Amino acid sequence: MAAASRDPAWPVRAAVRAFRRAHPEVADDVCVALSGGADSLALTAAAVAEFGAVTALVVDHGLQPGSRQTAEEAAAAARGLGAGAEVLAVVVTPSGDGPEAAARAARYAALDAARAGRPVLLAHTLDDQAETVLLGLGRGSGARSLRGMAAWDAPWGRPLLGVRAADTRAACAAAGLTWWEDPHNADPAYTRVRL
């Protein structure tokens with residue numbers, strides 16, 4: 001165990017293994033929603049090690065120049081890890097809830113259509129969980145926000161809710177994986193970024 005604890009990939013791998021033990025109803029054939037960022041890339045690597053079959057589903061929202069190439073590079077990285085990969089092009093229809101909500105709705109619809117009955121693992125981390133709770137409280141949703149995201153809400157699994165984003169970056173760096181940094185994650189026009 002001491003050697004494993006010194007491995008930078010261990011926190012991510014241990015979280016996926018613990019998720020698998022806690023949720024035996026999750027099949028051995030899973031999908032991973034892969035953006036190409038460090039969180040989802042580290043999750044993909046850990047899922048390949050812990051599950052029998054993994055398919056990375058890469059959603060191309062088409063919202064940024066070069067998004068198709070970014071999606072193809074993420075798919076290639078997944079294949080290099082031993083996963084299958086599929087790029088899903090979506091059309092984001094603006095809504096009154098803002099661009100983030102519209103992109104999220106399009107993404108979840110595409111993932112649901114492509115998963116073919118398999119569960120989908122999402123790379124939400126402890127940092128994302130804190131952000132979700134704070135955003136919910138800011139919207140006035142009260143105690144309901146304190147619950148945050150569930151680790152398992154079929155068909156969606158979130159094995160990394162106890163893992164920091166710094167750990168996913170360390171896991172990727174140790175494995176020599178290059179991840180994509182979404183420029184929207186640094187844009188103060190988005191509430192979650194300002195938060």
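What follows is a working chat about a predicted model of one protein chain.

Q: What secondary structure does the protein chain have?
A: Nine helices and six strands. The model is a predicted one.

Q: What's the average pLDDT?
A: The chain averages 86. A score of at least 70 is reached by 82% of the residues.

Q: Where does the pLDDT drop below 50?
A: Over residues 190-195. That stretch still has 20 contacts in the model beyond near neighbours in sequence.

Q: How should coordinates be read where pLDDT is low?
A: Not in detail.

Q: OK, the sheet. What's the strand order?
A: E3-E2-E1-E4-E6-E5. The sheet is open, and its pairing is mixed.

Q: Which strands stand at the edges?
A: E3 and E5. Each has a single partner strand, so one side of each lacks a neighbour in the sheet.

Q: How do E2 and E3 run, parallel or antiparallel?
A: Parallel, with six bridges joining them. Val 58 stands opposite Val 87 of E3.

Q: And how many bridges between E1 and E2?
A: Five, also in the parallel sense. Val 30 has Val 54 in E2 as its bridge partner. Val 32 has Ala 56 in E2.

Q: Are those two strands covered or open, starting with E2?
A: E2 is mostly covered, with seven of its eight residues buried. E1 is mostly covered as well: four of its five residues are buried.

Q: How much of the whole chain counts as buried?
A: 43% of the 195 residues.

Q: And what area does the chain expose?
A: About 9800 Å². Carbon and sulfur atoms supply 54% of that area.

Q: Let's go inside. Which residues touch the most other members of the largest nonpolar core?
A: Phe 51, Leu 121 and Leu 160, in a core of 32 residues.

Q: Which elements give two or more residues to this core?
A: On the helix side, H2 (10-22), H3 (38-50), H4 (67-81) and H8 (165-174). On the strand side, E1 (29-33), E2 (53-60) and E3 (84-89). The largest share is six residues, from H3.

Q: What does Leu 160 touch, leaving out residues up to four places away in sequence?
A: From the N-terminal side, Val 12, Ala 15, Val 16, Asp 39 and Leu 43. Further along, Ala 123, His 124, Thr 125, Leu 126 and Thr 168.

Q: How many residues are in the second, separate core?
A: 16. Val 59, Leu 88, Ala 110 and Leu 111 are among them.

Q: Why might nonpolar side chains gather like this in general?
A: It is a common tendency: in soluble globular proteins, nonpolar side chains tend to be buried together.

Q: What share of the contacts joins residues at least 24 apart?
A: 71%, among contacts between residues at least 6 apart in sequence.

Q: Switching to rings. How many aromatic pairs are there?
A: Two. In one, the ring centres of Phe 19 and Trp 152 are 6.3 Å apart. Their planes sit at 65°, so this pair is edge-to-face.

Q: Which elements does that pair link?
A: Phe 19 is in helix H2, and Trp 152 is in strand E5 (residues 152-153). They are 133 residues apart, so the pair links distant parts of the chain.

Q: Is each ring residue buried or partly exposed?
A: Phe 19 is buried, at 5% relative accessible area. Trp 152 is partly exposed, because its 22% lies above the 20% limit for buried.

Q: What about the rings of Tyr 108 and Trp 156?
A: Their centres are 4.9 Å apart and their planes at 80°, so that pair is edge-to-face too. Tyr 108 lies in helix H5 (residues 99-114), and Trp 156 in strand E6 (residues 156-157). The two are 48 residues apart. Trp 156 counts as buried, at 13% relative accessibility.

Q: Backbone now. Where's the cis peptide bond?
A: Between Ala 154 and Pro 155, with omega about 5°. Pro 155 is in the loop between E5 and E6.

Q: Which residue other than glycine has a positive phi?
A: Ala 116, with phi near 50°. Ala 116 sits in the loop between H5 and strand E4 (120-121).

Q: Is Ala 116 buried or exposed?
A: Exposed, at 63% relative accessibility.

Q: Why note these two features at all?
A: Because most residues other than glycine have a negative phi, and most peptide bonds are trans.

Definitions and conventions: Residues are numbered from 1 along each chain as its sequence is written. Side-chain values use heavy atoms; hydrogens and water are left out. Buried means under 20% relative accessible area, exposed over 50%, partly exposed in between (1.4 Å probe, protein chains only). Contact means heavy atoms within 4.5 Å. Accessible areas come from the Shrake-Rupley method with a 1.4 Å probe; for residues, only the protein chains shown count as cover. pLDDT is the predictor's confidence in each residue, from 0 to 100. A nonpolar core is a set of buried Ala, Val, Leu, Ile, Met, Phe, Trp, Tyr and Cys residues joined through side-chain atoms within 4.5 Å. Rings of Phe, Tyr and Trp (its six-membered ring) pair if their centres lie within 6.5 Å; planes under 30 degrees apart count as stacked, over 60 as edge-to-face and the rest as tilted. Two strands pair if DSSP finds at least two bridges between them.
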